[in-house]
Amino acid sequence: MYSIARSFSSTTTKKYDVVTIGGGCVGCSIARLLSKYNLKSLVIDKYNDVGMGSTKANSGIVHAGFHTELNLLKGQLVHHGNRSIRELAKELHFGYRQIGELVVAHNQAHIERIIQMAKISKAKGIPIEIWGQEKLRKEEPNLSHDILLALYGPTGGVINPYEFAFALREIAEINGVDFQLRTEVKGIDQKSGGGFIIHTNKGDIETKYVINSAGLYTDKIANMIGDYSFTIHPRKGEEYLLDKSFDDLFHHVIFPVGDKVSKGTLIIPTVDKTVMIGPTALNTDDREDLTTSSGGVEKIFKFAQDNLSPLITTRGLIASFAGLRAASHTSDFIIGVSEKNSQFINVAGIQSPGLTAAPAIGEYVLNILDKIWPELNQKKKKFWVSRLTKPLRLFSRMSPIEQEVAVEKDANYGDVVCRCEFVTVGDIHSAIDHGADTMDGIKFRTRAGMGKCQGGFCSSRIMELLSYRLNIPLEDISKFGEGSNILVPEWTDPRRSQETQRIKLDHKFRKRELPDGKKLKRKLESKIYDVAIIGGGGAGLAAANSARKMGAEKVIVFDREPVTGGILTQCIHSGFGLKYFGEELTGPEYAHKVSVEAKELGAEIYTNSYVYEMEHDEETEIKKLRVLIGSELGGTIANVRAKTVILGMGCRERTRAAIKIPGDRPSGVYTAGLAQKMINEMGVLPGKTAVILGSGDIGLIMARRLTLEGCKVLGVFELLPNCSGLHRNVVQCLEDYGIPLKLSHTVVRIHGKKRLKRVTIAPVDPKTFKPFMDQAFDLECDTLLLSVGLIPENDLSETIGIEIDPRTKGPKVSSEMMTNIPGIFSCGNVLHVHDIVDNVTSEGLKAGKSAVLYLKNKFDFKPSELNVSPGKNVGYVVPNKLSKDLQAFDRKELPVTVSLRSRKLMKAAKFTIIDKISGKKIVTKNIKPIIPAEMIIFEIKGKALKKLIKISKENGDKLELEVSLNEIKEKKIKPEVQTATNSELRGTQLSHITCVCCPEGCQLDVHHRGKEVVKLTGNKCPKGKAYGIQEFIDPRRVFSTTISPSHDLTSKHVNVVPVKLSNPLPKDKLIEGSQAIHKLFIKKDVECGETIAKNILGEENVDLIVCRSVKVEKL
């Protein structure tokens, strides 16, 4: 590999023959053509990378050319540009697909306009076809049936515009062109003898000729030499990106007829199989205004649904952005020699179809330069490199054979970084070799962070790789250049100096002797496993344990992370394990216990192992998993066969785009899970002042973690009229630290061009959720955390044809946890999102047992007609069907459980299960309280199960069960009156508190005189009573935090080590206690459960316990 030269700076004046100002697709096209000549050529751009202006936010369409007339310069250049891009794609290997484009007509006026376009196309020699409704329905069946006909241009296509710019830059640099980035032009002096002195923030540059291709700023650059012949009027377009589930719906770029200002709202299938909807067209005076708007998304999707396809919805929205077009005072390109200086060429007004025309614009400019510089042709090189011989080849775009070769040559291609877009560590290294030095630089070269999670899973690893490769501290990693740092630079962790950080990262990523990947491949492919489990979190490991206990001999677990445990490893707070282990554990402790159990039971466990393809042979019922094995195991690709498969891939967080928050796109906006990983595993703090949107448990818990680490949390804001997390977390994470919780409030705008500066918050109508903008207010902050819901990760499930429940977003399953594909089971958060890990484990145990029963043919697993559906006030219910063999459940081989969530908060409700065929009730039970954040799990057993079996037989083996929650209106109870006869309670105060001992969160009624508790009710266990009494005498809390290995030690998989208090500290000493713990260091190997410090803050028996086994190495 080779490294592309980075930008440079100097105090001396550099001399060039030609300087091109602006490194977009046009500037880079010009640079490529200039590289054919023996001359000193330089491209300067104010951004940190090429293609980061108008090019970056371009729609990426390669136009066929029938929108523009021949009397316009753009109309003359677009067709030639189209042909050139097709050839360049072969030479430079950027993303390009020739998918054709359609302009659709809804009425006679539209048809007349299309006829005019057809005439333009004929005059230009552009191939076209007119499609009637029959042809249109055949080729694009998902378009609106109101469309009458369409103009088809087969030469139209789509391109990755930033990849186009990167490739043009790379070939230009190979041929000798210099690029100087992060360089802003401040002024231009015209030399008396000809030529120019360009003054920049990085020194002066002397040149004979200037090509002004500065996009939105071309008029400002021209003004510097006294040229006021044209003006630029920015036009903003908002674009919205839908995920890959929409890819198969549309096969061409779909245009409406449009108007003189804009081509309208389009459907654009992208190179990478996402679908883009947009753009808008709004004139603006702000040349840096890249904000999105609430009105923009509403306008675009309404137009698309009404006029193009009813299937276009915001359901799959994963990203939103805006771009600015450099529209001029004319409707055409402005390309020519300046009237003020014959050595200055303006390339201005390059809006659509500027991307398509870019190669032709380059040739047009070279022709101009040839005329004003007679000696130019004499400088033409005899040898010129036209093709990239070492392009950036993404692993995801390689053929299966190429992938195997790539992993064999470089095991880094076996380590997946971005699961959504299938990006490996090898891809990240290659992107850095090709010039990436920011998070966006990586994103635009590899697509890491462009998928459904929008960087939620991969950002932390990319930050570390950039820090390691560029030899800069993590605090200097930026989103897109200066001022857009991911972490707040002013914050420094006293535990981790920049030098220590650099040394530890070098140790983490340095090359080591690897095991034999081929040997492992042979081993994995030599067997047929009884049970293969995808995902090594709480569900997957529990399934492995259960399967082994049930007698399965060959059980294998694949986990894509470096260690097992899934999300548990970063959830360092307590609250896990009370049901399954009978003790309260932190996430890492829980993960440790289930991992140790799985290994002791003999399950094969492979970490850094990513299952990316799955097949099912209907004849043999053997499942084949294609697994990418990471570098720690030698790096290989194995085809693993199994009789059954259990899915346990977990879930991902909803992102900003999914909840459609408009505004700027700065750094500082993160999902709560990403922030949790930064703090609890990387040991870095994302900001100093934070706002949290969403009151889910992770949001509440992160409010406490941020506070303990020294970040000021201004508040937690929740769209709903009720909290989405457990009430005990409201108490111990917010109320204990004085953090306000505002219900029926949401963030309505994000401000900050580079780093987040403030957010606008507004109260909302509790029924319609419409914000009251007249009551909106701003909060200044540098960090916004989003805790706005979780979505099961089922991309792999969908590729094999597993049916997905639209309510849960997880697979539809039977009561044995089996999907519609025989022998494939699902459990845990990939099935439906849980609030307690113990319930995840219970599902995993059931799935593991079911898989073995399936192998042993213990009972009938064939599809049944015993359906289960949600009724009144129920959001969803799992399972979707009951087993055909209900007698097996009566024999207690498996429990029949129904899991559901309520749609509304209720003090009490009547839980019912009724068969709609017979009208008979199976179950009736009163439950209180009903909280949407807390899952309801009910086991059908005993008399209810026998009744179910009986009704099923009476119905001819059919059931239509409906699960409902009917609200019970409780009678108002008069407040308790203290009377003389109630001598025990005379003179007491009644306080209501929430017990925080377990997720149950019992509501305690405490009668007390000052700190003396007279009577306590509402507790369900002795711990609750003890807690209630303690809360009035001496309120105390436990917490978890992290400490670092000492400066001379490091650990391969962790930067910091999770620790917890053995007993609670006084509530008013929590911050002090956290600060004291941060001064401690790990100085040797430690085991999970080991005590490493005693009597924190001098409090007897308040010791510090390690929550994760860690082996350290000397640096």
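In the unreviewed UniProt entry, the feature "domain: FAD/NAD(P)-binding" is listed at residues 529-833. In the predicted model examined here, the chain over residues 529-833 is 22% helix and 30% strand, and the C-alpha atoms at the two ends of this stretch lie 28 Å apart. A second feature from the unreviewed entry, "domain: BFD-like [2Fe-2S]-binding", is placed by UniProt at residues 416-466. Over residues 416-466 the chain is 49% helix and 10% strand, with 16 Å between the end C-alpha atoms.

An open sheet of five strands, paired in the parallel sense, follows the order β32-β39-β33-β34-β35. Because β32 and β35 (741-743) stand at the edges and each has a single partner strand, one side of each is left without a neighbour in the sheet. Neighbouring strands of this sheet are turned against each other by 20° on average, direction ignored. Within the sheet, strand β33 (residues 689-693) and strand β34 (residues 712-718) are joined in parallel by five bridges, and Ala 690 is found opposite Val 713 of β34. Ser 744 lies in the loop between the edge strand β35 and β36 (745-751); its phi is near 55°, a positive value in a residue other than glycine. Ser 744 is buried, with a relative accessible area of 13%. A positive phi, of about 65°, is also found at Lys 809, which is not a glycine and which is placed in the loop between α21 (795-799) and β41 (824-826). Lys 809 is partly exposed, its relative accessible area being 36%.

A further open sheet comprises three strands in the order β49-β50-β51, with antiparallel pairing. Its edge strands are β49 (989-994) and β51 (1012-1017), each of which pairs on one side only, and neighbouring strands of this sheet are turned by 30° against each other on average, direction ignored. Strand β49 and strand β50 (residues 1003-1009) run antiparallel and are joined by six bridges, with Thr 994 standing opposite Gln 1003 in β50.

Strand β7 (residues 149-153) has five of its five residues buried, so this strand is largely enclosed by the rest of the structure. In a regular strand, side chains alternate between the two faces of the sheet. In β7, Leu 149, Leu 151 and Gly 153 point one way, whereas Ala 150 and Tyr 152 point the other way, and all are buried. Strand β5 (residues 101-105) pairs with β7 in the antiparallel sense over five bridges, and Leu 102 is placed opposite Tyr 152 in β7. Strand β6 (residues 129-131) also runs antiparallel to β7, to which it is joined by three bridges; here the bridge partner of Trp 131 is Ala 150.

Six cavities of 30 Å³ or more are held within the structure. The largest cavity, with a volume of about 610 Å³, is lined by 31 residues, of which Lys 443, Gln 454, Gly 455, Lys 479 and Val 669 lie nearest its centre. The elements contributing two or more residues to the lining of this largest cavity are β18 (317-325), α11 (439-446), α12 (459-470), α17 (656-659), β32 (669-671) and α18 (672-682). By residue class, the lining of the largest cavity divides into 16 nonpolar, ten polar and five charged residues.

The second largest cavity holds about 210 Å³ of space and is lined by 16 residues, those nearest its centre being Glu 163, Phe 166, Ala 167, Glu 170 and Leu 392. Helix α5 (residues 161-174) supplies the largest share of this lining, namely five residues. The lining of the second largest cavity comprises nine nonpolar, two polar and five charged residues.

Two cis peptide bonds may also be described. The bond joining Ser 352 and Pro 353 is cis, with omega about 10°, and Pro 353 is located in the loop between β20 (341-348) and α8 (354-372). The peptide bond from Lys 928 to Pro 929 is likewise cis, with omega near -15°, and Pro 929 lies in the loop between β46 (921-927) and β47 (936-940).

Technical notes
Residues are numbered from 1 along each chain as its sequence is written. This is a predicted model: local features need pLDDT of at least 70, side-chain atom pairs count only at pLDDT 80 or more; totals for chains, interfaces and linings use all residues. Side-chain values use heavy atoms; hydrogens and water are left out. UniProt positions are given in the numbering used here, feature names are shortened, and annotations may be inferred rather than shown by experiment. Helices (H or I, at least four residues) and strands (E, at least two) are DSSP runs, numbered from the N terminus. Two strands pair if DSSP finds at least two bridges between them. Axes are lines fitted to C-alpha atoms, for helices over the stretch in contact, and angles run from 0 to 180 degrees between N-to-C directions. On a 1 Å grid over the protein atoms alone, a cavity is a set of points where a 1.4 Å probe fits but cannot get out, and a pocket is an open set with protein on both sides within 12 Å along at least five of seven lines; lining residues have an atom within 4 Å of a point. Grid points are joined across faces, edges and corners, and a volume is the space filled by probe spheres set on the points. Ala, Val, Leu, Ile, Met, Phe, Trp, Tyr, Cys and Pro count as nonpolar, Asp, Glu, Lys and Arg as charged, and the others, Gly among them, as polar. Buried means under 20% relative accessible area, exposed over 50%, partly exposed in between (1.4 Å probe, protein chains only).
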